[in-house]
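Here is a short report on a protein–DNA model. Look over the sequence and the structure first, then read on.

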Protein chains: 2
Amino acid sequence: MSDSKIKNMEGFSAVSGISRPTLSKYFNDPASVRKSTREKIEAALEKYDYRPNIYAVNQNRRQTKNIGLVVPNLTDPFFAGIARTIEGLIVKAGFNPLLLSSHGGPEQELSNLNSLRSIKPAAVLLAPLGRASLADQVATFAEEVPTVLFDANLEGIGEAFFGSDNDQSINLIVDYLCRSGEPPVFFGMKTPINPNAYKRQSAYIAAMKRLGHEPHLIQVDGEGWNFEEIGFQEGAKLLTGPQLPTNTILCSNDRLAIGMLSAAYENGIKVGLGAQATLRIAGHDDHPFSRFTCPGLTTVSQDYDAIAARSVETILALIDSKRGLKGREEALFEGRLEMRGSA
Amino acid sequence: MSDSKIKNMEGFSAVSGISRPTLSKYFNDPASVRKSTREKIEAALEKYDYRPNIYAVNQNRRQTKNIGLVVPNLTDPFFAGIARTIEGLIVKAGFNPLLLSSHGGPEQELSNLNSLRSIKPAAVLLAPLGRASLADQVATFAEEVPTVLFDANLEGIGEAFFGSDNDQSINLIVDYLCRSGEPPVFFGMKTPINPNAYKRQSAYIAAMKRLGHEPHLIQVDGEGWNFEEIGFQEGAKLLTGPQLPTNTILCSNDRLAIGMLSAAYENGIKVGLGAQATLRIAGHDDHPFSRFTCPGLTTVSQDYDAIAARSVETILALIDSKRGLKGREEALFEGRLEMRGSA
DNA sequence: TCGTAAAATTTACGCGCGTAAATATTTGGA
DNA sequence: TCCAAATATTTACGCGCGTAAATTTTACGA
């Protein structure tokens, strides 16, 4: 590679023998130039290291190639995982993902959206905080920038929503728990941030009734995203308190369940399916760590490959079509039962 | 807020009654204009919603306000946590953090650096993959862009390195383990990605010798970042294989330990300090989940607040001074023992 | 009140690239 | 071989802002 520094497209035009407008076309879409010129350009790119100045590019393009990706909390491996999957899909589509985490705070969520606004993204994929989200302002944003929601829905906001079918997944695990032992109580937070938690609670009640059992809700206090801690603290209270109507607890999500498993262990309560076990605990989400809890956590996995794929697909269609979809799209994907040792 | 859309600084100059060059000064540094004009500008900003086009700004500025932040794997909550801390510090300093994850792959690491290059960052904070990093190319990058390494060192690359004092922290936990029970064997990977793993191994050997014990290394196969899985698989082999010389295992990091705890549980081996326990397991790093394992994982926490603070401090100094530091800076921070139930 | 330093305004240019229009060249099939 | 369609080149302008130089206005102390 020659080391003569090329500072702009004009310079690269000189050394490559291709006119600047043609180069501009090439960089916008390599397929838009004739094969022979494309090869000439690529040969020159091998020889001279040049890349268009992205600031100049984006200043002039009607539409940037940026796609914003906002998740509620990157510290949660669940979101880290889905973010990674989505990033990969965005890159594969020739766009540039910009990953931001709201760190559990609605102000940060808005600040993320505002940062994105000044980056003029072609579109945004948003997994909102949920109940805590400042819905009005998120809605305003979504009217200006094509936005697709995933994981958690904000009613009517954005062009589409893709998430999990909580009815199906909760049915699945309630069925399993009832079939294999005592019907479960449902352990969740009193005022959960995540709208999925509400849906799961309702789904639990419906599933129990369908099976002819009395639903039993345990709703604990606690704010924030420290779910393991909440599961631990409140789980300890629960397990050392008055006798439950059953030996089976279905937690609203895996992180609560992980905390509760820890509480059970601390209190000498054996969890699992064996003869000596006196408690069964199940979760929801198939958190990356659920395979390694003691015992392994029985849970239901979300089909987040499908959620990711569909979200990106839709956002790309949205970008292509320039104008919004006809009506707000919504799709829920089914979960799969992950049977492990805890229930 | 009036809704007359202002599309550029000239328009905002018109409605605010402040000349464009003065506005430009203000946006670069609000303190650089007289208080009275600053107030006029800010009053106008309240009224008319205008923000400079960041692409135009960055095209013309000698130096952008971007600071790149590259971590090896965001799926690991440890890195997600430190990334979050560093992001906060960067924002507080008036810069714009760009977070990228290498997803455990050296190609991705380079591709991240290349993405950053075209963003013309003022500086980059890099937690390299370690052994897997393509050192030559990372070095080339670091010569072009002011770079500070943290967490894992690449000898001689970048302007500075900040990490943990593995000698101190391993000493701390080996001391503790020997003091409170049988001396530990060291469980790690044969060819670890992370250079810290090598340092910890050496530190373990030195600590054991210092205390007059025979070091005993267990080095297992395994590639990639699936540490829990490796800890689980290899832990199972270890625990069901020939008798160990001791009942105490010190793992190279918490994620291995978490996997091993799971393997112990599966095999009916009781871990902990109690009378019925036959195995002690300790880790290193104080992973966010280590509090919730069963039993809680005894480990040593890294002072990553200090590492983050010092890294950002240095990168800001580097940006200020324009030219590099006098000599490569290095500092190691001490760990703290976290005693829990597992050892 | 005046004088001077500090700050704001006016004017003007350049950054690197997108893009449009007119023109020239190449391509591939009849 | 020729011709129309496809593609490339030439020329030129604009994007929104940084920044420099010359000039005018403002602030503030003696």
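## Residues around the DNA

DNA strand C has 27 residues around it, and those that come nearest are A:Met9, A:Ser24, A:Tyr50, B:Thr37 and B:Asn60. Of the atoms of DNA strand C that come within 4 Å of the protein, sugar and phosphate account for 67%. The model is predicted.

What classes of residue make up the surface near DNA strand C? Twelve of its residues are polar, eight are nonpolar and seven are charged.

## Helices at the DNA surface

Both protein chains supply helices here. In chain A these are α2 (20-28) and α4 (54-60), and in chain B they are α2 (20-28) and α4 (54-60). Each of these helices supplies at least two residues of the surface near DNA strand C.

Which element gives the largest share of that surface? It is α4(A), with four residues.

## Contacts with phosphate oxygens

A:Ser24 uses its side chain. An N or O atom in the side chain of A:Ser24 is 2.5 Å from a phosphate oxygen of DNA strand C. A:Ser24 is also among the residues that come nearest to the strand.

Backbone atoms take part as well. In A:Asn53, a backbone N or O atom lies 2.9 Å from a phosphate oxygen of DNA strand C. In B:Arg34, a backbone N or O atom lies 2.8 Å from a phosphate oxygen of the strand.

## A parallel sheet in chain B

Chain B holds an open sheet of six strands. Their order is β2-β1-β3-β4-β5-β11, and the pairing is parallel. Why do β2 and β11 of chain B each have one side without a neighbour in the sheet? Both stand at the edges, β2 at 96-101 and β11 at 329-333, and each has a single partner strand, so one side of each is left free of a neighbour in the sheet. From one strand to the next, the twist averages 15°.

The partner of β11(B) is β5 of chain B, residues 160-164. These two strands pair in the parallel sense over five bridges. Within this pair, B:Phe162 stands opposite B:Ala331 of β11(B). In general, strands of a sheet pair through backbone hydrogen bonds, either parallel or antiparallel.

## Chain A as a whole

Chain A has 343 residues, and buried residues make up 55% of them. The chain has twelve helices and twelve strands. Its C-alpha atoms fill a box of roughly 80 × 40 × 30 Å along the principal axes.

How are the contacts of chain A spread along the sequence? Taking contacts between residues at least 6 apart in sequence, 71% join residues at least 24 apart.

Key
Residues numbered from 1 in each chain as written. Chains lettered and ligands numbered in written order. Predicted model: local features only at pLDDT ≥ 70, side-chain atom pairs only at ≥ 80, totals over all residues. Heavy atoms only, no water. Pairing = 2+ DSSP bridges. Axes fitted to C-alpha atoms, helices over the stretch in contact; angles between N-to-C directions. Near = heavy atom within 4 Å. Polar contact = N/O pair within 3.5 Å; in protein donor to acceptor, adjacent residues only side chain to side chain. Nonpolar A, V, L, I, M, F, W, Y, C, P; charged D, E, K, R; others polar. Buried < 20%, exposed > 50% of the residue type's maximum accessible area, 1.4 Å probe, protein only. Contact = heavy atoms within 4.5 Å.
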